[in-house]
Amino acid sequence: MVGNKELAELIFPEVKETIEDLEKRYPDRNLKSGAEVTRFAPSPTGFLHTGSLFTSMVCHKVAKQSGGIFYVRLEDTDTKREIQGSGEQLLDQLKLFGIVPDEGYLGNSQKGDYGPYIQSQRANIYKVVIKHLLEEGKAYPDFATPEELEEIRAKQEANKLTPGYYGEFAKYRFLTNEERKERILNGQPYVIRFKSNGNHLNKIPVSDLIRGDFEIAENDLDIVILKSDGLPTYHFAHACDDHFMRTTTVIRGEEWIASLPIHVQLFKELGWTAPKYAHLPVIMKIGENGNKRKLSKRLDAEAAVSFFLEDGYPSDALIMYLMTIANSNFEEWIFEHKFEHMEDFVFSFDKMSLEGALFDMGKLCFFSREILGKKTKEEMLQMTLEYSKKYNQKLFDLVNRDHEYFKEIINIEREKENPRKDYEKLGGIYDIISFFYKDLYDAYIKENPLVFNEKFTLETVKEVVSAMKKLDLSLDEQGWFNNMKAIGDSLGFSSDRKAYKANPGAFKGMTGDVAEMLRITLTTRKNSPNLYYVMRILGKEECNRRIDLVLAK
RNA sequence: GGCCCAAUGGAGAAGCGGCUUAACUCAUUGCCCUCUCAAGGCAACAUUCACGGGUUCGAAUCCCGUUUGGGUCACCA
């Protein structure tokens with residue numbers, strides 16, 4: 001007669017520790033009441049997803065605002081999908097968004113008393129727990145081959161039964177320990193499954209911080225807890241790790257709701273208190289078929305956090321945008337606080353929408369312009385340098401020609417009450433400011449025709465532009481403008497808007513038309529920063545040189 | 001298909017039985033101001049809350065059904 005203990009010993013002869021040992025090694029955290037311990041638990045399977053950033057932001061926020069702990073745990077149990085180095089990159093990118101773990105996996109190192117924080121290094125911990133389960137008869141080795149599993153599934157489908165390894169279909173759960181021992185001794189491969197005592201006809205109450213209370217069918221599947229490679233599955237690792245790492249609140253995507261019965265059961269059978277759960281809605285996008293679907297890394301550029309980094313959206317803009325999705329009252333709050341100190345905002349789960357929001361690029365751009373507009377010229381220089389060095393060589397070289405010149409340009413109508421907001425991302429700066437640089441302007445003029453308002457003949461344009469050479473740049477802005485108005489008037493361009501509107505036929509145009517011609521001449525574009533400052537930066541000589549260039553065309 | 005969740009404008013949403021002729025923000029459109037933008041100011045944009053029933057003196061709010069959308073059913077997480 002082979003007992004459970006003997007079987008457990010046969011499977012895990014090297015495991016000497018007990019659950020009690022683990023409980024002692026990982027004692028309750030000594031935190032003030034109300035302090036939440038949260039975790040972000042990514043798999044090193046690729047780059048940081050926007051949805052993961054969203055989740056980690058919420059985890060981080062909840063821990064920080066409660067005086068708790070936020071840690072990162074690397075879930076690298078799927079060795080087949082693992083991408084080398086992606087764990088480090090995940091942490092690097094998180095950091096760019098101000099999400100820095102208090103403990104756990106830090107990329108190149110680990111920190112904290114509840115580690116290791118990399119699941120593949122926790123194999124012995126899982127084995128201790130599984131050995132215990134084996135001893136209690138709550139787990140068993142399963143020798144089913146993929147073919148057998150497929151057979152079971154086919155049979156279930158043919159009979160319109162729920163697919164899965166459960167009840168009578170869980171054929172190896174009925175083996176005697178003798179039979180198990182024999183197969184193991186024969187070297188037959190196996191996994192360890194949890195022996196479910198649930199019935200899917202029973203409803204169990206579950207609780208979610210966002211969705212409230214509801215009922216789900218009890219789990220009756222004998223789920224795999226230890227794969228044949230000796231590593232645990234997500235469900236089991238979740239129970240063990242979040243128990244021994246003393247997580248108070250598990251915050252994860254809503255795709256996990258369906259497996260909640262498994263987790264509830266695992267915690268119950270292990271005799272542990274389950275953590276609180278918050279299942280976050282997923283960020284969506286309208287798909288090709290017109291329906292909503294999850295942001296897809298393969299289909300949607302904005303699904304990868306690197307996309308925003310590469311284009312140079314400021315990290316706080318993305319975080320602010322994500323927070324508006326997370327908490328509906330955040331927007332009003334951040335407006336009141338003039339887009340500053342968002343760390344003071346108090347997040348709450350019940351202000352969270354239950355439905356997945358559509359990713360709104362336009363709104364992100366709004367936040368981005370707002371934030372970039374508030375930076376000082378020094379900050380802009382630093383940010384642009386930092387960004388372009390990594391992602392935009394062309395811009396990097398341009399800025400490095402002359403830092404002071406760049407600051408002068410970028411500072412036009414900045415650092416005032418209502419600053420300009422025409423930079424929506426750092427990556428867009430090059431196109432907006434390149435005309436300031438003589439060689440780039442010349443190169444452009446050489447290759448491209450300037451497009452003036454077709455209302456006016458080329459002769460008119462030349463007449464006006466040429467007259468602009470007389471503009472006095474030593475005047476202040478108002479004086480300069482009056483100067484331009486006067487010149488315009490003398491050429492038949494009304495400086496009196498009302499007079500012009502009352503009798504448009506009496507004039508060639510308005511001062512606005514004059515300004516536009518000059519602007520296009522000097523900047524090649526219809527839109528540019530404040531013309532007065534543009535001209536001051538360019539200097540009288542360069543302005544006139546450009547005018548002559550255009551006149552000669 | 002089974003199970004679970006959800007449904008307010010172009011988007012994010014407030015709303016928790018009477019204070020709602022549905023807040024706020026983005027977007028869009030018009031007007032004012034204006035050298036272009038930006039900013040600012042003023043308007044417009046859901047006569048109605050997916051639909052149908054019910055409860056109630058009273059429903060976007062509660063209940064039921066329908067529809068639609070999302071999630072999930074692995075030795076992936």
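This is a chat about a predicted model of a protein with an RNA strand.

Student: Starting with the RNA, how many residues surround RNA strand B, and which are the closest?
Tutor: RNA strand B is surrounded by 62 residues. The closest are Phe 214, Ser 328, Ser 353, Asn 418 and Ala 515.

Student: What is the split of that surface into nonpolar, polar and charged?
Tutor: The surface near RNA strand B has 23 charged, 21 nonpolar and 18 polar residues.

Student: Which helices and strands each supply at least two residues of it?
Tutor: Two strands do, E8 (212-217) and E13 (292-294). The helices are H11 (315-326), H12 (330-336), H13 (361-374), H20 (477-490), H22 (511-523) and H23 (531-538).

Student: And where does the largest share come from?
Tutor: From H22, with 4 residues.

Student: H22 and H23 are both on your list. At what angle do they pack, and how far apart are the axes?
Tutor: The angle between H22 and H23 is about 40°, and their axes are 11 Å apart. The crossing is left-handed.

Student: Which residues make that contact?
Tutor: H22 contributes Ala 515, Leu 518, Arg 519, Leu 522 and Thr 523. From H23 come Leu 531, Val 534, Met 535 and Leu 538. By class, the contact of H22 with H23 holds 7 nonpolar residues, 1 polar and 1 charged. Ala 515 of H22 takes part in this contact and is also one of the closest residues to RNA strand B.

Student: Back to H11. How does H3 pack against H11?
Tutor: Helix H3 (residues 50-65) meets H11 at about 75°, with the axes 10 Å apart. That angle is why H3 counts as roughly perpendicular to H11.

Student: Which side chains are involved there, by residue?
Tutor: The contact is defined by residues: Leu 53, Phe 54, Met 57 and Val 58 of H3, and Ile 319, Leu 322 and Ala 326 of H11. In the contact of H3 with H11, 7 residues are nonpolar, and there are no polar and no charged ones.

Student: Sheets next. What is the strand order in the one with 4 strands?
Tutor: The order is E1-E2-E3-E4, in an open sheet with mixed pairing. Strand E1 (37-40) and strand E4 (110-111) are at the edges with a single partner strand each, so one side of each has no neighbour in the sheet.

Student: In which sense do E1 and E2 pair, and does H3 come in somewhere, touching which strands?
Tutor: E1 and strand E2 (residues 69-72) are paired in the parallel sense over 4 bridges. Phe 40 stands opposite Val 72 in E2. H3 packs on this sheet and touches E1 and E2, its direction making about 160° with that of E1.

Student: What about the sheet of 3 strands?
Tutor: That sheet is open, ordered E5-E6-E9, and its pairing is antiparallel. Strand E5 (139-142) and strand E9 (224-226) are the edge strands, each pairing on one side only. The twist averages 45° from one strand to the next.

Student: How many bridges join E5 to E6?
Tutor: There are 4 bridges between E5 and strand E6 (residues 191-194). Pro 141 stands opposite Ile 192 in E6.

Student: Last topic, backbone oddities. Which peptide bond is cis?
Tutor: The bond from Gly 115 to Pro 116 is cis, with omega near 0°. Pro 116 is in the loop between E4 and helix H5 (123-135).

Student: And what is the phi of Lys 160?
Tutor: Lys 160 has a positive phi of about 55°, although it is not a glycine. Lys 160 sits in the loop between helix H6 (146-158) and helix H7 (177-185). Most residues other than glycine have a negative phi, and most peptide bonds are trans.

Notes. Residues numbered from 1 in each chain as written. Chains lettered and ligands numbered in written order. Predicted model: local features only at pLDDT ≥ 70, side-chain atom pairs only at ≥ 80, totals over all residues. Near = placed C-beta within 6 Å. Nonpolar A, V, L, I, M, F, W, Y, C, P; charged D, E, K, R; others polar. Axes fitted to C-alpha atoms, helices over the stretch in contact; angles between N-to-C directions. Left-handed = near helix turned anticlockwise from the far one by under 90°. Contact = placed C-beta atoms within 7 Å. Pairing = 2+ DSSP bridges. Parallel < 35°, antiparallel > 145°, perpendicular 65-115°, else oblique.
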